[in-house]
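Reader: I'm new to this one. Can you walk me through it?
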Amino acid sequence: GLTLRMYLGGYKGMLTGDSIVIPEHQWDSLDSLNTVGGSPIGNSRVKLTNVADCIKKGYVQHGSTPLEVASQQLIKDQVHVVHTIGGDDTNTQAATLSDYLLEKHNGKVAVIGMPKTIDNDVYPIVQTFGADTAAVQGARFFENVVNECTANPRMLILHECMGRDSGYLTAATAQKYRDILNAQGLPVGSDLPFHRKSARDIHAIWIPELKLDLVAESARLKKVMDEVGCVNIFFGEGTGVQEIVADMEANGDAVPRDAFGHVTLAKINPGQYFSQHLADNIGAEKTIVQKSGYFARSAAANDFDRQLIGACAEAGVAAAIDGHSGCMGQDEDKPNTPIRAIEFSRIKGGKPFDISQEWFQQMLKEIGQV
């Protein structure tokens, strides 16, 4: 019969043998997971190919190979199919594990990747799980935060969205927020300065894919501040990182990185960098940086994402039954972008947001950025 086993902490549990088997009489109750956010088994941010990190954290012993330890655990637990849930790092690790199992253990375990990342930056997948939900939630977050423009004269509000390499989430969040704003029916002109639509609108959208000229933007936004009385900016957390890292390295400062080699964005603080380089230039009397990332990504999936997840899960089960490994998703390189088990060799992160899309260019025009 079918056994449903969950490894606690993801790859960590696979390395340490920490797992639970869900009794069949509880399967129906798992539907309730659709209405809550987060992960029922947690996460450990483990990279199976980073041997030193796995040893340091005590997940494997000295002299052990994490890939072999994980493979042996799967075989011991009589696992035939592994469903990994995560972004590009999780799925590239799944690809490595799949290749290892095929080479060293005759492919005894099929690996089905489920692309869950709000960054929506995985090649060649059209839409990753959670990205639409996060955009909706980020817009709701700013719907409240924008009211702070009334709390102080000449307020500068910097809204930071997640997105290391891709501006998708920032752009989509901005679009959904402006949908909310348009539905409010605020007048274009009003004797009440902060009852006007212009005070609640977005005045700049900065993402990694757009060249950022802070000098030119400062001059443009100074005019907005003088005319409107506040400035609201949406920016992706990966925006300007190369410039900030270059400054740190030029000053001889250590650049903090995680186990995957990524720059630790929280420690270099792009929001603080922007506020320091912009506030004086536009004459802001007060500046706040508000991050919607955790609020947005921790939400329960919305209807759009639940439908996408369900379709990919069904296709994933079919692929596993047929003995195929791969990452589930809409394959943008195939005609009509079918949902299929995409070959792991084609899966990689860092897919940029397509800034040429008409809706995005139109939004930039409407806010006066182009």
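Author: We'll go through the sheets, then a helix pair, then a single helix. Keep in mind that this is a predicted model.

Reader: OK, sheets. What is the strand order in the open sheet with mixed pairing?
Author: The order is β3-β4-β9-β10, four strands in an open sheet. The edges are β3 (81-86) and β10 (339-342), each pairing on one side only. From one strand to the next, the twist averages 25 degrees.

Reader: How many bridges join β9 to β10?
Author: Four. The two strands run antiparallel, and β9 covers residues 326-330. One facing pair: Gly329 stands opposite Arg340 in β10.

Reader: Which helix packs on that sheet, touching β3, β4, β9 and β10?
Author: Helix α13, residues 303-321. Its direction makes about 170 degrees with that of β4 (110-115).

Reader: Now the parallel sheet. Which strands are at its edges?
Author: β6 and β8 (286-291). The full order is β6-β7-β5-β8, an open sheet of four strands with parallel pairing. Neighbouring strands are turned by 20 degrees against each other on average, direction ignored.

Reader: What is the bridge partner of Trp206 in β7?
Author: Phe235. Three bridges join β6 to β7.

Reader: Which helices pack on this sheet?
Author: Helix α8 (residues 214-228) packs on the sheet and touches β5, β6 and β7. Its direction makes about 145 degrees with that of β7. Helix α11 (residues 270-282) also packs there, touching β5, β6, β7 and β8. For α11, the angle is about 155 degrees with the direction of β5.

Reader: Switching topic. At what angle do α3 and α4 pack?
Author: About 75 degrees, with their axes 10 Å apart. That angle falls in the range 65 to 115 degrees, so α3 and α4 are roughly perpendicular to each other.

Reader: Which residues of α3 meet α4?
Author: Leu67, Glu68, Ala70, Ser71, Gln72, Leu74 and Ile75. On the α4 side are Thr96, Leu97, Tyr100, Leu101 and His105. By class, the contact has seven nonpolar, four polar and one charged residues.

Reader: Last one, α6. How far apart are its end C-alpha atoms?
Author: 25 Å. The 17 residues of α6 (residues 168-184) should span 24 Å at 1.5 Å a residue, so the two agree.

Reader: Which of its residues are buried?
Author: They include Tyr168, Leu169, Tyr177, Arg178 and Leu181. Among the elements covering the buried residues are α5 (131-145), β5 (155-161) and α14 (358-366).

Reader: What comes just after α6?
Author: Gly185, with a positive phi of about 70 degrees.

Methods
Residues numbered from 1 in each chain as written. Predicted model: local features only at pLDDT ≥ 70, side-chain atom pairs only at ≥ 80, totals over all residues. Heavy atoms only, no water. Pairing = 2+ DSSP bridges. Axes fitted to C-alpha atoms, helices over the stretch in contact; angles between N-to-C directions. Contact = heavy atoms within 4.5 Å. Parallel < 35°, antiparallel > 145°, perpendicular 65-115°, else oblique. Nonpolar A, V, L, I, M, F, W, Y, C, P; charged D, E, K, R; others polar. Expected span 1.5 Å × (residues − 1). Buried < 20%, exposed > 50% of the residue type's maximum accessible area, 1.4 Å probe, protein only.
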